Amino acid sequence: MGYWCKHYTGLHNKTCSKGHRYSNFGPEFGIANIIPCILRNENPKPCADLERKTQAEIEAEDKKFDEHFKATMAARKTIVDTGAKRGDSGQIECPLCRGKLSYVVSGCNGHIRASCEKAGCLAWIE
């Protein structure tokens, strides 16, 4: 994430948060290789609003990601440890915010889909 411009919203969106259309930087095929939003690109197209994240911002994002990942793995382990089988659903305490984390175990492949009742907290689909 530290390679990206602060305004980059992902190529699944049409524009960055400053309103620049990604398609204005070049053809759709290969656009990720030429947009200025990604630091690793060689010879990116110029953008007046390009703003790289500071080292402190990168470290804060990394810390938040690590916390969410550890909480996700803890929640997943708790769901598995309850003995949940394919087709089961239920709720556990969210290890991040202590709210309700609802889950469903897929009946066809056993993958878990879960989300916390608190917006922006834990959520995943396997």
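Visitor: What is the relative accessible area of Asp 66?
Guide: This is a predicted model, where local features need pLDDT of at least 70 and side-chain atom pairs pLDDT 80 or more, while totals for chains, interfaces and linings use all residues. Residues are numbered from 1 along each chain as its sequence is written, and side-chain values use heavy atoms, without hydrogens and water. Asp 66 counts as partly exposed (buried is under 20% relative accessible area, exposed over 50%, partly exposed in between; 1.4 Å probe, protein chains only). Its relative accessible area is 40%.

Visitor: Which helix holds Asp 66?
Guide: Helices are DSSP runs of H or I with at least four residues, strands are E runs with at least two, and both are numbered from the N terminus. Phe 65, partly exposed at 48%, has its place in helix H1. Asp 66 lies in the helix spanning residues 55–81, which is H1.

Visitor: Which residues are linked with Lys 6 in a network of salt bridges?
Guide: A salt bridge puts a side-chain nitrogen of Lys or Arg within 4 Å of a carboxyl oxygen of Asp or Glu. Lys 6 meets Glu 51 at 3.3 Å, N to O, and that pair is 45 residues apart, with both partners in the segment before H1. Lys 6 also meets Glu 57 at 3.3 Å, a partner in helix H1 that is 51 residues away along the chain. The network therefore joins Lys 6 to Glu 51 and Glu 57.

Visitor: Which residue forms a salt bridge with Arg 76?
Guide: Arg 76 is partly exposed, at 29% relative accessibility, and the partner is partly exposed as well, at 35%. The two side chains meet at 2.4 Å, N to O. The pair links distant parts of the chain, 50 residues apart: Arg 76 in helix H1, and, in the segment after strand S4 (123–125), Glu 126.

Visitor: How many salt bridges does the structure hold?
Guide: Those of Glu 51 and Glu 57 with Lys 6 are among them, and so is that of Arg 76 with Glu 126. The structure's count is six.

Visitor: How many disulfides does the count come to?
Guide: A disulfide needs a pair of cysteine sulfur atoms within 2.5 Å. For Cys 47, partly exposed at 21%, the closest cysteine sulfur is in Cys 16, 6.1 Å away and too far for a bond. For Cys 121, buried at 13%, the closest is in Cys 94, and 3.6 Å is also too far. The count comes to zero.
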